[in-house]
Amino acid sequence: METPKTYEPLQAESKWYSYWMDKGYFYSKPDHREAYTVVIPPPNVTGVLHMGHMLNNTIQDVLVRRARMLGKNACWVPGTDHASIATEAKVVQKLRKEGIKKSDLSREEFLKHAFEWKDKHGGIILEQLKKLGCSCDWERTSFTMDPSYSESVLDVFIDLYKKGKIYRGVRMVNWDPEALTALSDEEVLHKEVNSKLFYVRYKIAGSEDEWLTIATTRPETILGDTAICINPTDERYKHLHGKQAVVPLANRSIPIILDEYVDTEFGTGCLKVTPAHDTNDYELGKKHNLETLDIFNANGTLNELGLHYAGKDRFEVRKAIEKELYDKGYLVKTEDHINKIGYSERTDAVIEPRLSLQWFVSMKELAQPALDNVMNGNIKFHPDKFKNTYRHWMENVKDWCISRQLWWGHQIPAWYFGEGPDDYVVAKTREEAQKLVAEKTGKTIDLSALKQDEDVLDTWFSSWLWPISVFDGLTKPGNDEIKYYYPTNDLVTAPEIMFFWVARMIIAGYEYLGDLPFKNVYYTGIVRDKLGRKMSKSLGNSPDPIDLIEKYGADGVRVGILISSPAGNDLPFDTSQCEQGRNFSNKIWNAFRLIDGWEVKDLEQPKSAQKAIAWFEAKFNSELAEINDLFDKFKISEALMAIYKLVWDDFCSWYLEMVKPGYEQPIDAKTLESTKVFFEDILKMVQPFMPFIAEELWHQVRERQEGDDVIIASWPEVKKVDQAVLKGFELAQETITHIRNVRKQNNIANKVKMDMFLKKNAGYNDEFEPVVIKLGNLSQFENTTDKIPNANSFIVQGNEYFIPFGDSIDIEAERKKLEEELEYTKGFLNSVNKKLQNEKFVAGAPEQVLASERKKEADALQKIALLEEKLASLV
RNA sequence: GGGGGAUUAGCUCAGUUGGUUCAGAGCGCCUGCCUUACAAGCAGGAUGUCGGCGGUUCGAAUCCGUCAUUCCCCA
């Protein structure tokens with residue numbers, strides 16, 4: 001035949017993807033159907049597809065494709081995120097390579113470069129997702145800096161400002177001295193590093209030769225010290241209460257203050273306090289009204305307060321000051337010390353805590369509905385356990401610093417008209433600002449005299465509007481789309497961004513539309529390599545997803561990724577899983593080849609085929625019900641595994657073997673038709689996971705009318721399951737397995753037909769005998785009332801089967817086997833009896849448990865009797 | 001330091017309210033097979049102190065306590 005032996009995915013994939021696109025199957029517009037909406041977690045415009053995206057988007061595509069088959073109007077909105085810091089860093093880097101410095105460009109010139117960069121690279125991930133088969137509505141592709149999106153971001157800023165939820169304030173921020181911007185806590189990575197603990201002595205003011213010794217990891221900040229703090233309970237330092245100390249080199253006197261915050265165990269128990277350069281010290285400073293001395297410039301060099309170190313970098317100064325302190329007798333000793341230091345996620349610069357004037361959102365009140373509606377289950381988390389983490393964070397939510405000292409992003413719509421702390425207004429345009437200034441001051445000033453805030457908004461301040469703004473929900477309130485698609489259904493994302501993104505979307509949802517943004521949040525895990533390390537570009541331990549697709553096929557990779565990826569658990573990824581996926585594709589392919597190769601003749605339908613069809617019908621429906629349930633619980637990888645087993649074990653290994661005609665024999669039309677219908681049902685169930693091969697085979701198994709495509713076929717409906725058929729088949733299955741074992745143990749080839757005799761018990765069900773004869777390859781299957789001597793025998797559900805030895809006899813081996821089984825069964829009976837003789841058990845256990853124990857006892861007794869008979873019959 | 005998870009076969013994980021879906025699945029492993037859809041395959045098989053120790057109970061992988069190991073988040 002011309003059908004190849006193995007499935008070749010690549011051609012099929014590009015063919016069917018463009019076919020689906022041409023047919024507009026991914027396109028959605030509001031109609032009478034129930035909406036099913038998913039918004040993609042927008043990847044950064046800087047990114048390339050990595051395994052995390054593969055996992056995340058495969059899950060979304062599975063959900064969307066299944067929803068489409070369930071008759072819903074499925075809409076998956078794709079898009080990208082402008083990613084202020086990361087993108088700006090990339091653009092600066094690229095310009096630097098071309099010999100252009102950012103500082104030489106105007107804001108407008110820089111943004112032009114940035115947009116060029118975005119146009120060139122911004123869509124890479126989305127293009128790659130097409131290779132994976134993602135059925136996004138590409139006509140809806142959004143970008144967080146699209147004009148109307150930007151407008152909604154500014155509107156929200158202005159609105160929150162008017163509501164008093166946005167304020168400007170001095171705060172200790174995480175300062176990135178390289179990027180010259182404040183970072184959110186989430187953008188700071190804490191790493192353990194080997195550093196040194198410096199013990200430095202300070203003279204007690206007014207004393208001749210009295211000293212105290214502090215321990216610090218940052219001796220360069222000594223010049224910014226404004227107090228020494230000790231624990232009031234520390235007996236060692238009672239004598240210092242109320243005194244002052246002199247800062248080395250700076251020769252300033254500073255107070256010695258008392259606070260329980262100080263850990264008496266750490267270092268010397270004397271803490272130097274530098275409120276301008278340490279978060280905890282800043283809090284101490286506020287509490288004790290300390291002076292704040294900022295000794296650094298924005299770029300991490302020291303300013304004039306750094307005395308003779310002015311203009312030098314902080315790390316350079318650390319070395320130099322160590323020497324100077326030593327030379328002048330202040331340095332008592334140094335110790336090796338391990339501590340955690342914050343690094344910029346983007347530039348890897350050491351974060352400098354810095355006091356700075358920033359914009360904040362006050363979160364406490366805004367967060368309340370977002371907390372309540374997750375805790376009460378209006379929004380469901382999968383897995384549920386993440387609610388705990390969420391609650392803890394939301395109950396202790398801190399104000400959100402939303403300004404970033406960057407150009408790429410949404411420029412803050414605040415306009416300054418003077419130098420005073422209050423000389424600004426918040427407005428969308430310069431003209432509106434002019435009006436507001438007039439209202440505020442009574443004076444009309446020139447448009448050109450207004451200076452817009454230089455900073456842009458935190459990227460999350462735009463992405464928190466994503467489920468709303470992709471439908472223009474704020475710029476065109478109440479439009480048809482927002483009414484139809486919002487709230488969206490399911491969000492698939494990583495637990496790492498539960499706070500910066502998920503929580504904030506929920507907040508924005510309730511604040512602006514008075515409703516939840518999505519009903520379910522499915523948290524994926526982190527994709528790790530074999531060694532348990534997170535897959536990342538910097539480690540170089542991630543396979544290139546596109547290479548994987550080329551090697552194993554998109555369907556194979558999708559299966560490989562999902563086959564062992566329960567919600568919320570990390571996914572230890574190995575390419576062997578893709579191999580498993582590819583093998584599964586191939587299995588389906590070959591099942592098709594078998595069916596496709598059958599020649600139809602006008603024959604009577606064999607009994608075995610009739611029974612096989614009845615059984616698979618029942619089996620399919622009971623599995624379908626189970627799979628639907630797994631989907632409803634978002635147990636996606638378990639649903640996939642159930643489908644995998646249904647296809648491989650039940651359909652291929654059992655069903656097809658039962659209906660398969662002999663070599664080069666024709667098949668009857670009825671059986672062929674039933675088989676094709678089953679196969680089509682299987683393709684439907686496989687479609688969400690393996691869309692390409694499903695579509696390919698859907699079109700090969702039958703001639704199709706225009707528009708009869710599996711991607712839009714109806715998901716099978718669960719029909720009533722005939723439990724009796726399932727039960728009856730179990731007996732046949734067990735019997736066949738025993739027959740195969742007899743063959744194996746006696747080295748009897750499958751081709752050799754065997755005789756079998758049955759001594760049946762009362763409840764015996766003979767329905768599947770034709771199947772047993774076919775798959776057991778029996779020449780005869782007769783009833784007997786007597787035991788057959790010198791035969792292999794086994795017992796299934798109390799029925800005794802005999803396969804005469806024929807020529808090959810090994811009575812001793814048989815005897816040994818029977819004795820072992822007898823021994824085991826007696827032991828089992830003993831354990832059951834123990835329970836039944838325990839009066840407390842009999843009194844306390846429910847009736848159904850007792851009944852099952854009694855049945856166990858009866859079964860065991862019967863089996864023992866049979867085994868003993870058999871032993872006796874061996875001659 | 002605070003909070004939240006996790007610990008079941010060699011690996012990755014299921015295991016609802018304690019009791020026949022109770023010790024499971026997939027992969028891997030072992031043993032036979034080039035059986036006429038598929039060796040990317042077929043058939044068969046083995047594997048566990050359910051992290052340790054206590055407790056509650058007639059009965060614990062499951063509930064409670066405690067210890068250990070480990071991951072994540074926050075400071």
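A polar side-chain atom of glutamate 657 lies 3.1 Å from a base nitrogen of RNA strand B, a polar contact in the sense of a pair of N or O atoms within 3.5 Å (within protein, one must be able to donate a hydrogen and the other to accept it, and residues adjacent in sequence count only if both atoms are side-chain atoms). This is a predicted model, in which local features need pLDDT of at least 70 and side-chain atom pairs count only at pLDDT 80 or more, while totals for chains, interfaces and linings use all residues. Residues are numbered from 1 along each chain as its sequence is written, chains are lettered from A and ligands numbered from 1 in the order in which they are written, and side-chain values use heavy atoms, with hydrogens and water left out.

**Around the RNA**

Two further polar contacts with RNA strand B join the one already described, and the table sets out the three.

| Residue | Partner atom in RNA strand B | Distance |
|---|---|---|
| Asparagine 590 | sugar or linking oxygen | 2.6 Å |
| Tryptophan 648 | phosphate oxygen | 2.7 Å |
| Glutamate 657 | base nitrogen | 3.1 Å |

Which elements give two or more residues to the surface near RNA strand B? They are α10 (386-395), α18 (575-597), α20 (636-659), α23 (723-745), α26 (839-844) and α27 (847-873). Helices here are DSSP runs of H or I with at least four residues, strands are runs of E with at least two, and both are numbered from the N terminus. The largest share of this surface, nine residues, comes from α18.

A residue counts as near the strand if one of its heavy atoms lies within 4 Å of it. There are 48 residues around RNA strand B, and Asn388, Lys587, Arg593, Tyr663 and Lys744 come nearest. Looking from the RNA side, sugar and phosphate make up 64% of the atoms of strand B that come within 4 Å of the protein.

Sorted by class, the surface near RNA strand B has 14 nonpolar, 16 polar and 18 charged residues. For this sorting, Ala, Val, Leu, Ile, Met, Phe, Trp, Tyr, Cys and Pro are nonpolar, Asp, Glu, Lys and Arg are charged, and the others, Gly among them, are polar.

**Two helix pairs**

Two packed helices are described by the angle between their axes and the distance between the axes. The axes are lines fitted to C-alpha atoms, for helices over the stretch in contact, and the angles run from 0 to 180 degrees between N-to-C directions.

Helix α20, one of the contributors to the RNA surface, packs with helix α24 (residues 769-776) at an angle of about 95°, the axes being 10 Å apart. That makes α20 roughly perpendicular to α24; angles of 65 to 115 degrees get this name, those under 35 count as roughly parallel, those over 145 as roughly antiparallel and the rest as oblique. Contact means heavy atoms within 4.5 Å, and here Trp654, Glu657, Met658 and Val659 in α20 meet Val771, Lys774 and Leu775 in α24. The residues of this contact divide into five nonpolar, no polar and two charged. Glu657 thus appears twice in the picture, in the contact with α24 and beside a base nitrogen of the RNA.

The second pair is helix α3 (residues 84-97) with helix α4 (residues 107-121), which pack at about 105° with axes 10 Å apart. This angle makes α3 roughly perpendicular to α4. On the α3 side the contact involves Thr87, Glu88, Lys90, Val91, Val92, Lys94 and Leu95, which meet Phe110, His113, Ala114 and Trp117 in α4. By class, the contact has six nonpolar, two polar and three charged residues.

**Backbone details to look at**

Most residues other than glycine have a negative phi, and most peptide bonds are trans. A few spots in this model are worth a look with that in mind.

The peptide bond from histidine 382 to proline 383 is cis, with omega near 0°, and proline 383 sits in the loop between β15 (380-382) and α10. Another cis bond joins tyrosine 486 and proline 487, with omega about -5°; proline 487 belongs to the loop between α14 (480-485) and β22 (488-493).

Asparagine 251 has a positive phi, near 55°, and lies in the loop between β10 (244-246) and β11 (253-258). Is asparagine 251 buried or exposed? With a relative accessible area of 56%, asparagine 251 is exposed, since exposed means over 50%, buried under 20% and partly exposed in between (1.4 Å probe, protein chains only). Phenylalanine 634 also has a positive phi, near 60°, and is found in the loop between α19 (607-632) and α20. Phenylalanine 634 is buried, at 8% relative accessible area.
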